[in-house]
Amino acid sequence: MDPQTEETSNSIYEMRQAEEVQALQFIQVIQERIDWMESQGMNQWNDEEYLDIYSEEYFRAQARAGHLFFLMKAGNVMGVAALLEEDDRWEDGSREYFYVHHLATRTGAPGAGTAFLELIADYAGKCGKKGVRLDCQLGNEPLNCFYERNGYVTVGEPFTEGIYKGIRKVREL
């Protein structure tokens, strides 16, 4: 992938594909966000043993498949995300969208999440996708509001997968 750049808040962010050897760095950002959610009393990944479900080997395999991306600023990792071309949580099975998973940014990096979502949307458009889809925990109002502020709308009914109760969101391009 050619690096995508987005200028926000007088800072340059770029989206870069992660390599297999960077899987632990990817996991570290997720763990940082899980710890932060716990400290804020938010439920998303912190109540479902997330990193037991998604192991280091899982992330290594996702990197080998070209699905993992970093949000970079001045050579530093500011966020992580996986972009998949299919997702069983969406009944239509469409490959016309990117499905965002494992989206997390470093704590203390205001604007990084919004910048990352913009870069993902730009990349999706350049790849000929109709939009970007994701899901989040039902009842996680701060996260749901964040996605809505960034152009995502709720579609369909809530769903349950194990102990996870989620809602689907989409941003059409």
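Two residues are said to be in contact when they have heavy atoms within 4.5 Å. The exercises below apply this and a few other ideas to a predicted model.

**Exercise 1. Describe the surroundings of Leu83: where does it lie, is it buried or exposed, and which residues does it contact?**

Solution. Begin with the position of Leu83, which is in strand S4. Next, take its relative accessibility, which is 3%; since buried means under 20%, Leu83 counts as buried. Then list its contacts, leaving aside the neighbours within four places in sequence: they are Met15, His67, Phe69, Phe98, Tyr99, Val100, Ile120 and Tyr123. Finally, look at one of these partners, His67, which is 16 residues from Leu83 along the chain, while the C-alpha atoms of the two are separated by 5.2 Å.

**Exercise 2. Work out which residues of helix H1 are buried, and how they are arranged around its axis.**

Solution. First fix the extent of the helix: H1 covers residues 23-40, and its 18 residues reach 26 Å from the first C-alpha to the last, close to the 26 Å expected at 1.5 Å a residue. The buried residues of H1 are Ala23, Phe26, Ile27, Val29, Ile30, Arg33, Ile34 and Met37. Seen down the axis of H1, these buried residues fall within an arc of 155°, and therefore they line one face of the helix. The spacing can be understood from a general property: an α-helix has 3.6 residues a turn, so residues three or four places apart point the same way. As a check, turn to the face of H1 that points away from the buried side, where the exposed residues Leu24 and Ser39 are found. The last step is to ask what covers the buried residues of H1, and the answer includes helix H2 (50-53), helix H3 (56-64), strand S3 (68-73), strand S4 (76-84) and strand S5 (97-105).

**Exercise 3. Compare the settings of Gly41, Ala74 and His102, for which a positive phi is given.**

Solution. It helps to recall that most residues other than glycine have a negative phi. Gly41, which follows H1, has a positive phi near 70°, and it lies in the loop between H1 and H2, where it counts as exposed at 60% relative accessibility. Ala74 is a residue other than glycine, yet its phi is near 50°; it is found in the loop between S3 and S4 and, at 73% relative accessibility, counts as exposed. His102 is not a glycine either, and its phi is about 60°; this residue, however, lies in strand S5 and is buried, with a relative accessible area of 3%.

**Exercise 4. Describe the largest pocket and the second largest pocket by volume and by lining.**

Solution. Start with the largest pocket, which holds about 740 Å³ of space and is lined by 38 residues, with Gln44, Trp45, Leu103, Leu143 and Tyr147 nearest its centre. The elements that each give two or more residues to this lining are H1, H2, S5, helix H4 (112-126), strand S6 (131-137) and helix H5 (141-149), and S5 provides the largest share, 6 residues. Sorted by class, the lining of the largest pocket has 21 nonpolar, 10 polar and 7 charged residues. The second largest pocket has a volume of about 150 Å³, and its lining consists of Tyr54, Tyr58, Leu84, Glu86, Asp87, Asp88, Arg89, His101, His102 and Glu161. Sorting this lining in turn gives 3 nonpolar, 2 polar and 5 charged residues.

Key: Residues are numbered from 1 along each chain as its sequence is written. This is a predicted model: local features need pLDDT of at least 70, side-chain atom pairs count only at pLDDT 80 or more; totals for chains, interfaces and linings use all residues. Side-chain values use heavy atoms; hydrogens and water are left out. Helices (H or I, at least four residues) and strands (E, at least two) are DSSP runs, numbered from the N terminus. The expected span of a helix is 1.5 Å times one less than its number of residues. Buried means under 20% relative accessible area, exposed over 50%, partly exposed in between (1.4 Å probe, protein chains only). The arc is that of the directions from the helix axis to the C-beta atoms. On a 1 Å grid over the protein atoms alone, a cavity is a set of points where a 1.4 Å probe fits but cannot get out, and a pocket is an open set with protein on both sides within 12 Å along at least five of seven lines; lining residues have an atom within 4 Å of a point. Grid points are joined across faces, edges and corners, and a volume is the space filled by probe spheres set on the points. Ala, Val, Leu, Ile, Met, Phe, Trp, Tyr, Cys and Pro count as nonpolar, Asp, Glu, Lys and Arg as charged, and the others, Gly among them, as polar.
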